[in-house]
Structures are given as C-alpha cells and as structure tokens.
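Ready for some practice in reading a protein structure? Work through the exercises below at your own pace, and try each task before you look at its solution.

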Amino acid sequence: MKIINVLGKFRAKIGVFLLLLILSSCNTIKKVSDEEFLLTKNTIYTDSIKVSKDEVKNLISQKPNTSILGYPLRLNLYNLAKENPDSSYQNWLQKNEKREKRLNSFLSKKQVNRLGQSFVVKGYSNFLKRVGEPPTIIDTSKTRKSVERLQAYYGSKGYFNNTAAYAILPKKRKKRAEIDYNITLGKPYFVDTLSTNILASDLDSLYLLNTENSFVKQKEQFDLTNFNKERQRLTSIFRNSGVYNFQESSISYDILRDTTKLKDDQKMDVQMNIKNFVATNDNTTSQEYKVHRFEKINIYADYIFNQDKDSLQSIDHEGYTIFFKNKLRYKPEALTDAIFFEKDSIYRDLDRIRTQRQITNLNTFKYPNIDFNQDTIQSRLITNIYLAARSKYSLGLDFDVSRSDIQVVGTALSGSVFARNVFGGAETLSFSVRGSIGILSDQSLSEETFTSEIGGDINLTFPRIWFPINTERVIPYYMVPSTRLSIGTNFQQNIGLDRQVLNTTLAYSWAPTDFVKNTLELIDIEFVRNTNAENFFRVYNNTYTNLDGIADAFDGFIENPADGPENFPELASFFTSSNDNPNPVLRLPDGNPNTPDGTQGFIQAILNGTTDANDEIVRQVRSIDERRNRITENNLIFSSNFTFQKNNRADTNDNSFYQYRLKLESAGNLLAAFASFIPFNTNDEGQELVYGIPYSQYVKTDLEYIKHWDLGRENVIAFRSLFGLAVPYGNSNSIPFVRSYFGGGANDNRAWQVYSLGPGRTENVNDFNEANFKLGFNLEYRFPIVGDIKGALFADAGNIWNVFDNVDDPEATFNGFDSLTDIALGTGFGLRYDLSYFIFRFDLGFKTHNPANIDSKRWFTDFNLNESVFNIGINYPF
C-alpha cells in the first residue's frame with residue numbers, strides 16, 4: 001500500500017509538471033507580431049521526393065527554434081525577458097504613488113532609480129535573453145538565400161539546369177508557418193572524356209602510375225565533391241613521392257564544351273591542369289615541380305633560438321649529423337631512431353608526420369621544428385631538425401575531491417617527480433606518492449570514522465620496445481612504441497577489510513595507426529594481503545544477517561541459550577545477547593583470543609556434520625563460507641594480458657564514431673608450468689602455494705563496443721555494450737575479488753549503487769557483490785538545454801552472474817538463456833554542465849525492472865523516488 005501511495009504521489013507530480021508545460025506553451029508566440037510567422041518546420045523536396053539528408057538540411061539559413069522532446073524551452077525562456085525593462089520598471093513604480101513613496105523613504109530616490117539597472121530588473125532580462133533563443137521569424141530574404149544554396153548544391157552534383165522555389169504554408173495555429181522547398185533537378189551532366197595538362201614531367205610520370213584509384217572517372221555523373229577528393233588524393237601522392245613543396249592549389253579543372261555536340265547533350269569534356277610551383281611571395285616566376293631526395297640530415301640537440309651554430313660540435317651517426325654544445329647528453333641512436341628521413345631517400349610527408357610524432361613521444365623535447373632547404377638544380381634537400389629540450393626535472397601535484405557510495409566525501413593528494421633522459425636514451429623516470437582520506441557514509445560498516453589510503457609507484461618508461469630480441473621489423477618506430485616498467489604498493493584502510501597491495505608490471509604499447517592502439521602487459525604481478533579478514537561479517541551486514549537467520553532455525557537453542565539444546569550444548573558459546581538486543585545472535589570476533597568467534601564456530605559446526613542440519617541449511621552455510629573465503633583470502637596473481645583498442649573518432653567535435661576494446665588475460669600458467677618440475681607446497685584443498693599463498697589461475701576476456709550517432713544540433717545517441725567472462729581452472733576454483741565484475745554505479749547501471757546489483761536475482765544491499773560473468777548495455781540520448789547545460793535520457797540494462805566457479809546458488813548463477821530474465825533495467829535522466837575541458841554529470845536512475853523481486857513485481861514496483869539512485873560523475877560514462 002505504501003508503494004502504491006508513493007507511486008500515486010510521484011505520478012501526480014509528473015501530471016502537474018506536464019500541465020505546467022502545456023500552459024506555458026501559449027507563451028511561444030508572445031513576441032511574434034500579427035504580420036509575422038513563427039517558423040515551425042522546413043521540408044525539402046527534389047522532384048517531389050522528400051529529402052532527409054542532414055548535408056542538404058544544413059543548407060537552410062533559417063531553422064525552427066530548438067526544442068527538448070518537442071518543447072521549445074529556450075524560446076519560452078527568451079519570451080520571459082522584458083523588452084524594455086527600464087520602462088517597465090518605471091511604469092510599475094509610478095502606477096502606484098504610495099509604492100514609490102514607500103521605496104523612496106526606505107532607500108533614497110537615487111537608489112530607487114538605480115534599482116531599475118540592477119540584476120533583479122534589467123540583469124534578469126538580459127540573462128534570460130542570453131540563455132534563451134529568440135523566435136525564428138520567417139525572413140523571405142534568408143529564404144531566398146536558402147534557395148540559392150540549394151541550387152548551388154545540386155549544381156555541384158551535376159544538375160546544372162535545376163530550378164528551385166519555396167512556399168510558405170501558414171498553419172491552423174495562428175502566427176505559425178512551415179516552409180516547403182521544391183527543387184526540380186532536370187537532367188544530370190556526365191564526364192565524357194578526361195584529359196590532362198601537366199607541366200612538370202615528374203608529376204606527369206607519378207600521375208600515370210596512380211590513375212587507377214581516381215575519384216573522377218569517365219561516364220560517371222559530375223560531382224564537385226569527387227573533384228575535390230581527387231585534388232586531395234593527388235596532393236597526398238605527390239607529397240609522399242618526393243615532391244615536398246607541392247601545393248594543392250596547383251591543380252585546377254576546365255570544362256571543355258564541344259560546339260559540334262547537340263544542345264541537349266549532357267556529356268562534358270574535362271581537362272585537369274597542374275601548373276608549376278609558384279612561390280607565395282612571388283607570382284611572376286615559377287619553377288617545375290621535381291622529386292627531391294635528402295642530401296644531408298642535421299639534428300640540433302638541445303637547440304636554443306639564435307644559437308651560434310659555428311660554436312657547436314658535431315658527430316656523424318648512420319648518415320645523420322648531430323650538432324651539440326660541449327657534450328652530447330643523448331645516445332645517438334635515441335635521436336636517429338626517432339627520425340624517419342634517410343639520406344638519399346625521397347621525401348615523404350608521412351615520414352615528416354611520423355618524425356614529429358615520435359620526437360614528441362620521447363617526452364624529452366618540445367614539439368620539433370623541421371626546416372627543409374632545397375637545391376633547385378640537383379633536386380636535393382638539406383634538412384635541419386631543431387630539438388628544444390624540456391626541463392630535466394619536473395614536479396606534478398594533483399588534488400581531488402570525490403564522493404562514492406562508501407564515502408560521504410573524500411579528498412586525495414598526489415605528487416610526482418619526473419626525471420627525463422635518465423640513461424641518455426630519452427627514458428623517463430617518475431616517482432609518485434598519493435594519499436587520500438574520506439568520511440564513511442555508513443558508520444555501521446566499520447569501527448573507524450575515516451577511510452584512508454596511501455601508496456607510491458616508481459615508473460620507468462622507454463620510448464622503444466625493451467626486449468632481448470630486436471622487434472623493429474615487427475613493431476617499427478613509426479608505431480610509437482614504448483615500454484613501461486613499474487613497481488608500486490598501496491595500503492588501504494577502508495571499511496574493515498583493510499588490505500595491502502604490491503604490484504609490478506612490464507608493459508609494451510604501440511599504435512599501428514592513428515586509430516588503433518595495442519597494449520601488452522607481459523608481466524603483471526599483484527599480491528593482495530587482507531590485513532583485517534576477521535572483520536568480514538561486520539562489513540558484509542547482509543551476509544551476517546543471513547547466517548544469523550540460519551542459526552535461528554535451531555529453535556530449542558534460541559529459547560534457552562544459556563543451557564543450549566540437549567544434543568548440541570557446545571553451540572552456546574557461539575551466541576551472545578545484550579540489553580539492547582536480548583535475542584541471542586551469533587557472536588562477532590572482538591579481537592580477544594579468549595572470546596570464541598561465533599560466526600566461524602557455527603559455520604564449522606554445520607559443515608563438519610556435528611549437527612543434524614538438513615541439506616538445504618548445509619548448502620546455504622557452505623555458500624556463505626565460500627563467499628567469505630573468496631573475499632578475504634590473500635591473492636597472488638601472476639598474469640599477462642593483451643588489449644586491442646580501435647577508435648575512429650577524428651577529433652573532440654566528432655560525434656559520429658565507434659570504438660571497441662578487446663582484452664584477453666591469462667593468469668597462473670607460468671607458475672603451473674614451474675610446478676611440473678618444481679615441487680610446490682599444497683594446502684588442505686590441494687592448491688599449490690607460493691610463499692604460503694595459492695596462486696590464482698584463470699582466463700579472462702572483456703569485449704566493449706561503443707557507438708555514437710550525431711543527430712545534428714548537438715543531439716547525440718550513444719550506445720555501449722559490454723561482455724566479460726573470467727573462468728577459473730587448475731589451481732583456482734574462483735576469481736580473485738580484484739579481478740571480478742560488479743554491477744551498478746555512475747558508469748554502469750545508474751539505477752543501482754555500485755556493487756549493489758546482482759549476482760543474478762539476489763539482493764544484498766549492504767554487501768559488495770561480485771561475480772565472474774557480466775553483460776551490460778547502455779543507451780543514452782543527449783541533447784542541449786540552455787547554454788552549457790545539457791540533458792540526457794538513458795536506459796541501462798545488465799547484470800552479473802557466477803558461472804564455472806564454486807558458487808552453486810541457483811539465484812546467483814547463470815543457467816543458460818533462462819537467466820537472461822534476470823537482466824536489470826534502469827532508466828532515468830541527467831544533467832551535464834559543460835566546462836569545455838571536462839563535464840560535471842548528475843544522473844538520477846530509477847529501477848524499472850528489478851530481478852531481485854518476485855516475477856509479478858519486477859516491473860515498475862521500485863520505480864519511485866524513494867528507490868532512485870543519484871549519481872555524480874565527471875565526463876560522460878561512455
């Protein structure tokens with residue numbers, strides 16, 4: 001009944017809100033005069049066929065006012081502003097004589113007049129005009145301009161004789177109208193013959209070798225876009241074939257009309273012209289384009305502007321001349337390996353780009369300056385590469401404020417020291433320390449008031465693949481290879497299960513293209529030691545409640561805890577009671593060795609068969625004990641992983657792109673191989689131990705796909721799918737907690753708090769739930785609201801399950817396609833504030849389909865404000 005009342009109130013509020021929107025819609029034409037029309041829609045027709053291409057729609061000069069789900073919010077905000085706030089204020093002031101006298105007596109006459117210039121009166125209206133949007137009044141001059149643009153566009157597609165007109169169509173609702181644009185295309189023109197007029201012999205030869213992929217072809221319809229693409233294609237070919245100074249403006253086209261052809265003949269003769277090079281500061285002389293080769297390549301290390309070059313020393317190394325002052329601080333190969341120009345080779349624009357990228361990747365020099373001096377007679381280039389060194393040492397300092405489901409507020413401070421070129425090969429060494437402190441959101445989670453964390457790392461980065469075997473043929477330097485060797489430690493005092501982490505990594509990365517990146521962590525060793533494992537049942541409240549509930553099944557014992565049941569008197573020491581809670585509960589460990597741990601004692605009594613508990617109770621207790629062991633056990637993870645990433649996003653303004661990430665990880669195989677000829681100690685369960693700890697053995701794969709669609713005018717649809725599976729085998733029967741999957745949170749399913757979703761259809765609100773199989777799907781519609789404030793509507797679906805491990809709870813395990821009914825669905829809306837360099841994000845998620853409920857109450861039962869989850873994040877979730 002309570003849920004029904006809450007839903008009723010929530011729906012009533014939604015109804016009131018919608019009513020207010022409908023009433024406010026009458027404000028739309030407030031500032032549209034009787035002789036004007038508010039533009040509501042543009043429609044384009046070509047030969048009576050409606051056009052839906054954004055490329056064509058964007059040619060229209062006037063567009064209807066923006067709207068959010070059909071509601072013109074910005075227009076109505078603009079209409080709320082006063083046109084003449086000063087006059088309105090004076091009229092309001094003088095309308096009532098007593099009002100003016102009262103204000104003059106309270107302030108002063110001068111201050112009362114100034115009040116009209118204040119933000120309350122004038123500034124408020126200016127603010128509304130700034131964030132709002134004036135009504136789009138149909139302007140026939142702009143409409144005619146749109147017609148001209150449409151004619152020019154279709155003329156560029158070969159419809160030279162097209163005609164266009166427009167029609168203004170008033171709507172039944174007053175002061176509103178639509179505009180229809182009608183284009184009659186006519187017959188298109190085709191390229192009949194294609195000839196060339198190339199003045200430079202070198203260019204002529206290169207062109208003849210590269211005609212196969214031409215964008216301009218005979219017998220195809222004229223399209224100006226193809227001519228522009230062909231100019232760009234030829235420019236790229238010439239500049240990557242030795243013609244270093246080729247200019248795209250040297251290419252032009254002439255349309256040759258044969259007067260002997262019929263007037264209605266739609267065929268054209270096209271001639272491509274490539275003129276000689278003309279200096280930008282001299283239009284009177286020209287020179288023939290030629291293929292250039294490198295005569296000499298000079299590298300100026302630690303270059304300073306206006307440096308006296310005569311005072312420099314030099315050495316020659318593999319065809320390069322390196323200039324330096326006093327002492328060369330770099331290994332010669334560290335510099336020459338980053339240069340992709342070679343003596344006697346032809347110039348290629350691609351090599352210049354790769355050289356600039358690789359030098360920047362060294363993290364030792366600023367952006368390089370490359371200068372080309374040509375010998376016009378012999379077509380030879382003398383290249384000077386100027387390298388300005390960055391500071392040898394630098395300091396980085398970061399301060400963060402965060403919030404999470406565990407912390408009300410948390411602060412973190414980190415500092416780093418960078419040392420460049422530590423071994424003369426452009427290596428970078430960094431030392432970093434970090435510390436954080438936070439206030440717990442729920443004091444029942446721990447006896448401590450604060451959470452804390454402190455850690456440090458040492459990282460050494462090489463701008464090459466550091467490996468005993470030469471890998472240059474497989475991973476050449478243009479792929480920007482790097483090697484990272486790191487070692488670090490971390491101490492956490494969070495929610496009772498405090499832990500220490502030691503890790504070391506040897507990782508390689510390289511980028512075959514601008515859109516593809518590969519990362520191989522050849523060695524990834526992580527040791528996790530839980531320093532307060534006995535506090536498990538204090539932290540995992542629901543797990544403790546479940547165990548204590550099982551103990552309640554022993555009715556005879558509960559009725560008389562002092563004596564205990566007749567058959568099991570030894571269980572009495574496992575329970576305790578207090579004045580606050582006279583009912584006996586399982587005793588939690590208190591650090592006193594003389595006080596028994598009631599939770600562990602009760603578990604062992606059930607599992608050892610010293611009670612007559614039925615099979616279902618034994619199964620439940622075993623499941624709880626397996627979960628406790630998995631979360632509290634120390635882990636030694638000796639793994640390797642490979643990550644492939646592809647992202648075709650051109651730049652930050654590109655809102656139509658895709659990206660996907662594939663990660664494969666394997667752990668424990670090398671140690672298992674050693675165990676075949678080196679005898680390892682084993683524990684009672686037969687697991688092989690390294691320094692007393694069973695090493696983890698598993699395979700894991702993650703696959704993530706993201707796709708964005710740009711709908712125009714800052715409207716974007718974003719989609720993400722995620723598949724993750726980790727399978728233990730050999731020395732492990734479960735996945736380490738730090739490698740498991742979780743559900744919920746600001747970047748996952750936003751209707752559930754982090755770690756609170758799943759596994760499957762289980763629900764342990766206060767526990768940190770994890771599993772080894774995950775499915776996730778996210779769909780989000782993003783749109784502008786006002787200025788830098790954006791909005792979003794989202795739907796998040798997914799869950800986690802246990803599969804192929806030691807969990808046998810049918811509610812938590814994945815049992816085929818039937819388990820897909822356990823997928824949780826959260827829907828909601830959010831606000832984003834765009835600060836250009838990052839975005840503040842606020843999301844409110846509602847549980848739309850909750851698999852933890854019974855089948856008849858899964859849909860919309862928890863769809864209310866009481867069960868909603870508020871998330872704060874930085875930047876978009878995907």
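**Exercise 1. A pair of opposite charges**

Task: Find the salt bridge between Arg 858 and Asp 822, and work out which parts of the chain the pair ties together.

Solution:
- Step 1. Start with the distance: the closest N and O atoms of Arg 858 and Asp 822 are 3.5 Å apart. A salt bridge needs such a nitrogen within 4 Å of a carboxyl oxygen, so the pair counts.
- Step 2. Now place both partners. Arg 858 sits in the loop between strand 32 and strand 33, while Asp 822 sits in the loop between strand 30 (789–801) and strand 31, so the salt bridge ties together parts that are 36 residues apart in sequence.
- Step 3. Check how covered they are. Buried means under 20% relative accessible area. Arg 858 has 8% and is therefore buried; Asp 822, with 1%, is buried too.

Keep in mind that this is a predicted model.

**Exercise 2. Two more salt bridges**

Task: Describe where the partners lie in the salt bridges Asp 34–Lys 175 and Arg 628–Asp 625.

Solution:
- Step 1. In the pair of Asp 34 and Lys 175, the closest N and O atoms are 3.3 Å apart. Asp 34 belongs to the loop between helix 1 (2–24) and strand 1 (38–46), and Lys 175 to the loop between strand 3 (163–170) and strand 4 (176–184), so this pair ties together parts that are 141 residues apart in sequence.
- Step 2. Asp 34 has a relative accessible area of 67%, so it is exposed.
- Step 3. For Arg 628 and Asp 625, the closest N and O atoms are 2.9 Å apart. Both residues lie in helix 17, three residues apart, which is about one turn of the helix. Both are buried.
- Step 4. For the wider picture, the count comes to 37 salt bridges.

**Exercise 3. How do the helices cross?**

Task: Decide how helix 9 is oriented to helix 10, and helix 14 to helix 17.

Solution:
- Step 1. The axes of helix 9 (residues 201–209) and helix 10 (residues 224–239) come within 11 Å and cross at roughly 115°. Helix 9 and helix 10 are therefore roughly perpendicular to each other. Their crossing is right-handed.
- Step 2. Helix 14 (residues 541–551) and helix 17 (residues 615–632) have axes that come within 11 Å and cross at roughly 155°. Angles over 145 degrees count as roughly antiparallel, so helix 14 is roughly antiparallel to helix 17. The crossing of helix 14 and helix 17 is left-handed.

**Exercise 4. A nonpolar patch on the surface**

Task: Which strand supplies the largest share of the nonpolar patch?

Solution:
- Step 1. List the members: Ile 789, Leu 831, Tyr 833, Phe 840, Phe 842, Phe 870, Ile 872 and Ile 874 make a nonpolar surface patch of about 680 Å².
- Step 2. Match them to strands. Strand 31 (824–834), strand 32 (839–849) and strand 33 (869–874) each supply at least two residues. The largest share, three residues, comes from strand 33.
- Step 3. Look at one member: Phe 840 is in strand 32. Its relative accessibility is 32%, so Phe 840 counts as partly exposed.

**Exercise 5. Far in sequence, how far in space?**

Task: How many residues apart in sequence are Ile 297 and Tyr 320, and what is their C-alpha to C-alpha separation in space?

Solution:
- Step 1. Locate Ile 297: it lies in strand 8 (residues 293–300), and its relative accessible area of 0% makes it buried.
- Step 2. Ile 297 and Tyr 320 are 23 residues apart in sequence and 5.4 Å apart in space, C-alpha to C-alpha.

Conventions:
Residues are numbered from 1 along each chain as its sequence is written. This is a predicted model: local features need pLDDT of at least 70, side-chain atom pairs count only at pLDDT 80 or more; totals for chains, interfaces and linings use all residues. Side-chain values use heavy atoms; hydrogens and water are left out. Patches are made of residues with over 30% relative accessible area and no salt bridge: like charges are joined within 9 Å, nonpolar side chains (Val, Leu, Ile, Met, Phe, Trp, Tyr) within 5 Å. Accessible areas come from the Shrake-Rupley method with a 1.4 Å probe; for residues, only the protein chains shown count as cover. A salt bridge is a side-chain nitrogen of Lys or Arg within 4 Å of a carboxyl oxygen of Asp or Glu. Helices (H or I, at least four residues) and strands (E, at least two) are DSSP runs, numbered from the N terminus. Buried means under 20% relative accessible area, exposed over 50%, partly exposed in between (1.4 Å probe, protein chains only). Axes are lines fitted to C-alpha atoms, for helices over the stretch in contact, and angles run from 0 to 180 degrees between N-to-C directions. Angles under 35 degrees count as roughly parallel, over 145 as roughly antiparallel, 65 to 115 as roughly perpendicular and the rest as oblique. A crossing is left-handed if the near helix is turned anticlockwise from the far one by less than a right angle, and right-handed if clockwise.
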